[in-house]
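Colleague: Hi! Could you walk me through this one while I have it open?
Modeller: Sure, pull it up and ask away.

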Amino acid sequence: MTENAADTVSKTPVTLLGLGAMGTALADAWLAAGYLLTVWNRTAARAEPLAARGAAVASTAAAAVAANRLVVVCLLDDASVEEALADADLTGKDVVNLVTGTPGEARARAAWAAGRGARYLDGGIMAVPPMIGVPAAGPYVFYSGSRALFEDHREVLAAPAGTDYVGEDAGLAALHDVALLSAMYGMFAGVAHAFALVRSESVAPGGFAPLLTSWLTAMTGSVAATAAQLEAGDYTRGVVSNLAMQVAGVPTFLRTAEEQGVSPELLTPYFALMQRRLAEDGRNGGEDLTGVIDLLRR
Ligand code: NDP
């Protein structure tokens, strides 16, 4: 037996359901790391390149599940998990669900798995497919649910991407995942507005881009400051630019957008919350923007 073959035998074999862009990247990483892999995909042709590289291909999802204890699911959405696993026997299986979903869906899926005799771990992938299997690119996955499952399979789970276990509550991985992505979309909204403004004149986007990048990078210091204020329950701690001053500046942003013929629609919801926080209690003027977070709770 060669050294590589001996290595493969000692590693936990993996079943992977779903060979879309992300599933294929995961499969490539496990094969490259020497894991024995069984794959299934609804459209069978997508498994062919992996079969050529040594993956076993199951003809049904139920057969793929039967092949190994560890079953990783990377299908499109929660409904496709329900559909694909309808006939599978999950008794004694360790199900790791990497499908992006809500915390509620993850909790419901955990209860569903427990009812079918499986341990369950939910995952939120913080990477795009080209980052998978490339540690230098910084890919990682939030995991939540069965700690025992996570500990038992920590090594195999770490082959395609880093791991960050965030708690026994199965919904926590999705919560972390969606929170980070939500912040990203807020940033994208600001970037879109900024480019719309400069494009209203003859400012070259390529020349503006490095300015925008360095400004956004400098502003990330506010994240830790906000966390410290939330934890202290004191939104006046270490305030650099207070709410009253920032609200006073709002008309300038709106007038600039109007002068330049740019819609303010990406900014106005946030400005409205700032103004409401200031109006609700005259004492809030000395606060940071942190009070806006309280207004978002329903
Ligand atoms: P793709 O659209 O590339 O692939 C979707 C996969 O789901 C395919 O294997 C498809 O099978 C399968 N599928 C869809 N519906 C069904 C169904 N009803 N029954 C069985 N199989 C079904 O998606 P990705 O691979 O990119 O994403 C997979 C998961 O990973 C998603 O939840 C996504 O949110 C998450 N993710 C993706 C990232 C990305 O950048 N791509 C980043 C982070 C998370 P078929 O080939 O037959 O169509």
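Colleague: Which atom of R46 lies 2.8 Å from an oxygen atom of the ligand?
Modeller: A polar side-chain atom of R46. Keep in mind that this is a predicted model, where local features need pLDDT of at least 70 and side-chain atom pairs count only at pLDDT 80 or more, while totals for chains, interfaces and linings use all residues. Residues are numbered from 1 along each chain as its sequence is written, and side-chain values use heavy atoms, with hydrogens and water left out.

Colleague: Thanks. What about the backbone of L75 and L76?
Modeller: A backbone N or O atom of L75 lies 3.3 Å from an oxygen atom of the ligand. For L76, a polar backbone atom is 3.0 Å from a ligand oxygen.

Colleague: How many residues surround the ligand?
Modeller: 22 residues, counting those with a heavy atom within 4 Å of the ligand. The closest are M22, N41, T43, R46 and T100.

Colleague: Switching topic: how is the chain split into domains?
Modeller: Into domain 1 (3-169) and domain 2 (177-296), with bounds from an automatic or database domain assignment. Their centres, taken over C-alpha atoms, are 39 Å apart. Seven residues from domain 1 and four residues from domain 2 make the contact, meaning heavy atoms within 4.5 Å.

Colleague: And how much area is buried between domain 1 and domain 2?
Modeller: About 380 Å², with 71% of that from carbon and sulfur atoms. Buried area here is the accessible area (1.4 Å probe) lost on putting the two parts together, summed over both. On the domain 1 side, T100, M126 and F142 supply 65% of the area buried against domain 2, more than any other three residues.

Colleague: How many salt bridges or polar contacts are there between the domains?
Modeller: Zero salt bridges (a side-chain nitrogen of Lys or Arg within 4 Å of a carboxyl oxygen of Asp or Glu). The count of residue pairs in polar contact, both at pLDDT 80 or more, is also zero. A polar contact is a pair of N or O atoms within 3.5 Å; within protein, one must be able to donate a hydrogen and the other to accept it, and residues adjacent in sequence count only if both atoms are side-chain atoms.

Colleague: How many salt bridges come up by this rule overall?
Modeller: The count comes to eleven. One pair is E82 with R109, where the closest N and O atoms are 3.0 Å apart. E82 sits in helix α5 (residues 78-84) and R109 in helix α6 (residues 103-115), 27 residues apart; helices are DSSP runs (H or I, at least four residues), numbered from the N terminus.

Key: Helix = DSSP H or I, 4+ residues; strand = E, 2+ residues; numbered from the N terminus.
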